[in-house]
Amino acid sequence: MNDTNIAEKLEELKAKIESSLSVTDSSKALYELKNACLGRSGEISELMKGLRDLPKEERPQAGKTINALRDWAEEHFAEAEERIKQAELKARYASETIDVTLPGNRHKTGAYHPNTLIKRELISIFAGMGFTVFEGPEIENDYYNFTALNTPKDHPARDMQDTFYVTSDLLLRTQTSAGQIRVMEKQAPPIKILSPGKVYRSDDDATHSPMFSQMEGLVVDKGITLCDLKGMLDEFAAKIFGSGVKTRLRPSYFPFTEPSVEVDVSCFECGGKGCKLCKGTGWIEVLGAGMVNRRVLEGCGVDPDVYSGFAFGMGIERIAMLKYGINNMKMLFEGDTRFLRQFRMQ
Ligand code: DAH
């Protein structure tokens, strides 16, 4: 090997590096290429080793030329490294881009059933007046559902409710009033309970369903009068239907109350002037109530000469239909999500 020989080789190597660098586009390929050129046993190092074979006087010059090539190569590799690094970074950013304007995946949330909303609202209204909740069984003894409520076997009032019997003595409760007896048997007055739950009757049309829900209330203490019932009902009506809504009591009949009343609220739609909702009367019937019959108290071991009480019972579906303007009771049992999702709380 001599000077010209070396110069030729260097030119060749330079050209090779240049063309290789121009087509290299990944850091891995660049690393390998750099190793093959500038590495310990790379081509430039091999050239350096070849200096030994040159005549002594040519070595310094040839050494200088090789070093110059090494500097040149290092500079070009550094440039290529920077170029590839930037390109790779750009590609990575592009691939990891998140489009923050894309709509997210919304999880569908459920909605509370109107019955649940009303039940909770009623509980919260009455809890504010000191009532606690008692839930009785849905399959009830004839005794609790009827007999203890002053409705013995031959009593005509049994016809008021078409009953589903399970056996001659067991039935699907027709009224949450059964809960009153269970509470009075266990607890001495003062009593202030609310008893929500499902009830069953063989009845089926646009305003009746074989299964529906009721909310029962019972207050027993010394000196309870019909005025206490009226005061509590006014408070309840204003809270559930809006302030300004009044109540009125009409005489009625239930075997377990004496006197018994039917309770109307002034029409919250027209303010009492008369409209479609109140059928032109200005009043809407919402519940049954009365003073607990002495015979019922006695049967539960409560002395009617010391204690008195009032009770009331309302249909939860009826309240929901009135409050939300639902005209067909069946909608409350069909489970149609297009109907139900309208009650989703915001
Ligand atoms: N249990 C009655 C019914 O289902 C409703 C009712 C009326 C409940 C008067 C009462 C009451 O507690 O005092 O029709």
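The paragraphs below lead through the domains, the charged surface patches and the salt bridges of this structure, which is a predicted model.

The domain assignment divides the protein chain into domain 1, covering 3-95, and domain 2, covering 114-343. Taken over C-alpha atoms, the centres of these two domains are separated by 95 Å. A single pair of residues gives another view of distance along the chain and in space: G301 and L89 are 212 residues apart in sequence, and their C-alpha atoms are 86 Å apart. Of this pair, G301 is placed in the loop that runs between α9 (294-299) and β9 (308-315), and G301 counts as exposed because its relative accessibility is 66%, where exposed means over 50%.

Charge on the surface can be followed through two patches, one of each sign. The negative patch brings together D71, E74, E75 and E79. Within this group, E74 belongs to helix α4, which spans residues 59-95, and with a relative accessibility of 39% E74 counts as partly exposed. The positive patch is formed by R106, K108, R341 and R344. Here R341 can be located in the segment after α12 (337-340), and R341 is likewise described as partly exposed, its relative accessible area being 46%.

From the patches the path leads to charges that are paired. Side chains of opposite charge can pair when their charged atoms come close. A search of the whole structure finds 16 salt bridges, and three of these pairs are described in the following paragraphs, together with a network.

One of the salt bridges joins R92 and E96, whose closest N and O atoms are 3.4 Å apart. Both partners fall in the intermediate class of exposure, since R92 has a relative accessible area of 46% and is partly exposed, while E96 is partly exposed with a value of 49%.

How far apart are the closest N and O atoms in the salt bridge between K153 and D142? The distance in this pair is 4.0 Å, which lies at the edge of the criterion, because a salt bridge calls for a side-chain nitrogen of Lys or Arg within 4 Å of a carboxyl oxygen of Asp or Glu. K153 sits in the loop between α6 (142-145) and β3 (170-172), whereas D142 is part of helix α6, so the contact ties together parts of the chain that are 11 residues apart in sequence. The two partners also fall in opposite classes of accessibility: K153 is exposed, with a relative accessible area of 55%, but D142, at 1% relative accessibility, counts as buried.

A further salt bridge connects two strands, and in it the side chains of R250 and E285 meet at 3.6 Å, N to O. Because R250 lies in strand β6 (residues 247-254) and E285 in strand β8 (residues 283-292), the pair ties together parts that are 35 residues apart in sequence. R250 counts as partly exposed at 28% relative accessibility, and E285 is also partly exposed, with a relative accessible area of 36%. Both residues take part in a wider arrangement as well, for R248, R250, D264 and E285 are linked in a network of salt bridges.

Notes. Residues numbered from 1 in each chain as written. Predicted model: local features only at pLDDT ≥ 70, side-chain atom pairs only at ≥ 80, totals over all residues. Heavy atoms only, no water. Domains from an automatic or database assignment. Patch = residues over 30% accessible without salt bridge, like charges linked within 9 Å, V, L, I, M, F, W, Y side chains within 5 Å. Areas by Shrake-Rupley, 256 points an atom, 1.4 Å probe, with all protein chains shown as cover. Lys, Arg positive; Asp, Glu negative; His and termini not counted. Charge placed at Lys NZ, Arg CZ, Asp CG, Glu CD. Helix = DSSP H or I, 4+ residues; strand = E, 2+ residues; numbered from the N terminus. Buried < 20%, exposed > 50% of the residue type's maximum accessible area, 1.4 Å probe, protein only.
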